[in-house]
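Please open the structure in your viewer, with the sequence beside it, and follow the stops below in order.

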Amino acid sequence: MAEHHFQLIPVDPRFYPDPDTIDTAQAVVRALIPSAEEVHASCQPGIQYFDAGEGFEEPQCPFCDADTAPWWRNAMSAAWGGTHFNDLRITTPCCGASTSLDQLRYPNGDRFGSFIIQATLADPVENPSPAQIAQLESILGCQLADDWIAR
């Protein structure tokens, strides 16, 4: 049986909140999702790739909608090997657009970031509303991407 996770990751992969703000945001997530078995926040020393768990799908180019399968894994390896994801800039081979790996369209919610709040549930019953997500964005001082994932 899959475990479900509600993930909140800042859209800016370099965003890093202060510890008091993290504690407040965690408390709000616990209140919004009372059935969560665990609510955990994590700050990474650099940018990390947070995969969406089951059912991985290659991202698409945000400019021409091309499938990135022919080149995405090599671009990820180069970004990790070169700077441990601290430089995500790429030029897409499909259409020559200048962008970054975090700006590709990841269908299942894969994200890049230095900070994540995650609520773990056996079964996703609560779903925070857009207003509640906006409240968390106000607390943290950043725009958030929120996704349900299964592992």
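Rings of Phe, Tyr and Trp (for Trp, its six-membered ring) form an aromatic pair if their centres lie within 6.5 Å, and the pair is called stacked when the planes are under 30 degrees apart, edge-to-face when they are over 60, and tilted for the rest. This is a predicted model, in which local features need pLDDT of at least 70, side-chain atom pairs count only at pLDDT 80 or more, and totals for chains, interfaces and linings use all residues. Residues are numbered from 1 along each chain as its sequence is written, and side-chain values use heavy atoms, with hydrogens and water left out.

**Stop one: the aromatic rings**

Select Tyr49, Phe56, Trp72, Trp80, Phe85, Tyr106 and Phe112, which form one aromatic cluster. Within the structure there are nine aromatic pairs.

Now select Phe6 and Trp148, whose rings make a tilted pair with 5.1 Å from centre to centre and 55 degrees between the planes. Phe6 sits in strand 1 and Trp148 in strand 6 (residues 144-150), so that the pair links distant parts of the chain, 142 residues apart. Helices and strands here are DSSP runs numbered from the N terminus, a helix being H or I with at least four residues and a strand being E with at least two. Are the two residues buried or exposed, where buried means under 20% relative accessible area, exposed over 50% and partly exposed in between (1.4 Å probe, protein chains only)? Phe6 counts as buried at 2% relative accessibility, whereas Trp148, with a relative accessible area of 29%, is partly exposed.

Move on to Tyr49 and Tyr106, a pair that is tilted because the ring centres are 6.5 Å apart and the planes stand at 55 degrees. Tyr49 belongs to strand 2 (residues 38-50) and Tyr106 to the loop between strand 4 (98-100) and strand 5, so this pair ties together parts that are 57 residues apart in sequence. Tyr49 is partly exposed at 23% relative accessibility, while Tyr106 is buried, with a relative accessible area of 11%.

**Stop two: the largest pocket**

Keep Tyr106 selected and add Ile9, Pro10, Val11, Asp102, Gln103, Leu104, Asp110, Arg111, Phe112 and Ala145, which together with Tyr106 line the largest pocket. A pocket is an open set of points on a 1 Å grid over the protein atoms alone, where a 1.4 Å probe fits and protein lies on both sides within 12 Å along at least five of seven lines, and lining residues have an atom within 4 Å of a point. The volume of this pocket is about 160 Å³, a volume being the space filled by probe spheres set on the points. Strand 1 (4-10) and strand 5 (111-121) each supply at least two residues of the lining.

**Stop three: the nonpolar cores**

A nonpolar core is a set of buried Ala, Val, Leu, Ile, Met, Phe, Trp, Tyr and Cys residues joined through side-chain atoms within 4.5 Å. Which residues touch the most other members of the largest core? Of its 21 residues, these are Leu8, Val29, Ile33, Ile117, Ala119, Leu136 and Leu140. Two or more residues each come from strand 1, helix 1 (19-32), strand 2, strand 5 and helix 3 (130-140), and helix 1 gives the most, with five residues.

Centre the view on Val29, which touches Leu8, Val39, Ile117, Ala119 and Leu136, not counting residues up to four places away in sequence, contact meaning heavy atoms within 4.5 Å. A second, separate core of 13 residues includes Trp71, Trp72, Leu101 and Tyr106.

**Stop four: single residues**

Select Gly113 in strand 5, which is buried with a relative accessible area of 1%. Its C-alpha atom is separated by 5.0 Å from that of Ile47, although the two residues are 66 apart along the chain. Gly113 touches Ile9, Pro13, Gly46, Ile47, Gln48 and Phe50, again not counting residues up to four places away in sequence.

Finish with Asn127, in the loop between strand 5 and helix 3, where it counts as exposed at 55% relative accessibility. Leaving aside neighbours within four places in sequence, Asn127 is in contact with Phe6, Gln132 and Trp148, and Phe6 and Trp148 are the tilted pair visited earlier.
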